[in-house]
Amino acid sequence: MASTLNWFKYASPASFYSLARKLAPWFAAFAALCAVIGLSLGLVLAPTDAQQGEAYRIIFIHVPAAWMSMFIYLVLAFWSAVSLVFNTRLSAMMGQALAPTGALFTLIALWTGALWGKPTWGTYWAWDARMTSELILLFLYLGYMALRNAIDDPRRADRASALLALVGAVNVPIIYFSVTWWNTLHQGASVSLTAAPRMAWIMLSGMLVMALAAWLYTIAMSLIRIQAIILEREYRATWIGQLELA
Amino acid sequence: MMSPGDFLAMGGYGFYVWGSYLAAAVLLGIEIVAVLARRKAARPAARGEIAENTA
């Protein structure tokens, strides 16, 4: 394996710890940079919407947060499947590192959705399919974290929470397609790969840059959190004792 | 050119727009502080376990 990059090297918590430690500040810095550009596009440069006035500017938080809430769950389900099949410690730790950020973005999506719903639909909340399934997503994240914390043995906690994450993954396509399967108060998809964008390019670019910021933020947060998790779970390993001395 | 007052008013939607941005900023800020504190607390120096591990 001398000539090719050995990815399996990073399946060991010890080597992934130092990789995460090197990469996290870069992702955090680029996330901050994208947020500044995205906020300038969204709050200053993008014009007022003809129908919604300034209220539409909530989109620059709401849509990236909602996308991340679903995407993080899919990544969580992926690492849960890997940890169940291969019984690898690091993949379970990946899930553990992602869940709080996923829950946070779900909460932000619900909160900003409520504050957007009031001026545009006249209500903060409705039990329509999109909103109800997104609320269920929040409960899935919270359930995943609560289940982990309720089991003392970390390896048993890995298996139980991975199973919960996998079963809950059914909810993600339900959220995504809810606006087409059911008659919802919530509007259809804002961006489609097959249709021409229905937004002005400056609004669209602001939203996409904010989505990129949310991506980079998520990677930075999970890389920092996984360092803490590795230290918490592997504290008996000799290499951790040597960290402070090096 | 838009005045700072106009910017904050957001065409009468200030409560909804800033309520969204502020809540998101506060929640992300809490996460950043919490995750850095968790990493700090997990370091062997904070746990007082260096002696045990290297003995």
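Trp182(A) sits in the loop that joins α6 (171-181) to α7 (201-233) of chain A. Helices here are DSSP runs of H or I with at least four residues, strands are runs of E with at least two, and both are numbered from the N terminus. The model is predicted, so local features need pLDDT of at least 70 and side-chain atom pairs count only at pLDDT 80 or more, while totals for chains, interfaces and linings use all residues. Residues are numbered from 1 along each chain as its sequence is written, and chains are lettered from A and ligands numbered from 1 in the order in which they are written.

How buried or exposed is Trp182(A)? Trp182(A) is partly exposed, because 14 other C-beta atoms lie within 10 Å. The scale behind this word uses C-beta atoms placed from the backbone: a residue is buried if 20 or more others lie within 10 Å of its own, exposed if 12 or fewer, and partly exposed in between. From Trp182(A) to Ala31(A) the C-alpha to C-alpha distance is 35 Å, and the two are 151 residues apart in sequence.

Ala31(A) also appears among the contacts of Ala220(A), where residues up to four places away in sequence are not counted; the partners are Ala24(A), Phe27(A), Ala28(A) and Ala31(A). Contact means that two C-beta atoms, placed from the backbone, lie within 7 Å. Ala220(A) and Ile58(A) have the most contacts inside the largest nonpolar core, which has 75 residues. Such a core is a set of buried Ala, Val, Leu, Ile, Met, Phe, Trp, Tyr and Cys residues joined through C-beta atoms within 7 Å. The largest share of this core, 19 residues, is supplied by α7(A).

Helix α7(A) itself is mostly covered, with 24 of its 33 residues buried. From first C-alpha to last, α7(A) reaches 47 Å, close to the 48 Å expected at 1.5 Å a residue; the expected span is 1.5 Å times one less than the number of residues. Helix α4(A) agrees with expectation too, because its 22 residues should span 32 Å and its end C-alpha atoms are 31 Å apart. Buried residues of α4(A) include Met131(A), Leu137(A), Leu140(A) and Tyr144(A). The buried residues of this helix pack against α2, α3, α5 and α6 of chain A.

Chain B has four helices and zero strands, in the order α-α-α-α along the sequence. Of its 55 residues, 20% count as buried. Where chains A and B meet, 33 residues come from chain A and 25 residues from chain B. On the chain B side, α2 (14-42), α3 (44-47) and α4 (50-54) each supply at least two residues, and α2(B) gives the largest share, 14 residues. This side divides into 14 nonpolar, five polar and six charged residues. Here Ala, Val, Leu, Ile, Met, Phe, Trp, Tyr, Cys and Pro count as nonpolar, Asp, Glu, Lys and Arg as charged, and the others, Gly among them, as polar.

Two loop residues deserve a look for their backbone angles. Most residues other than glycine have a negative phi. Asn87(A), in the loop between α2 and α3 of chain A, has a positive phi near 55°. Asn87(A) is exposed, because 12 other C-beta atoms lie within 10 Å. Met10(B), in the loop between α1 (4-9) and α2 of chain B, has a positive phi near 50°. Met10(B) is buried, because 20 other C-beta atoms lie within 10 Å.
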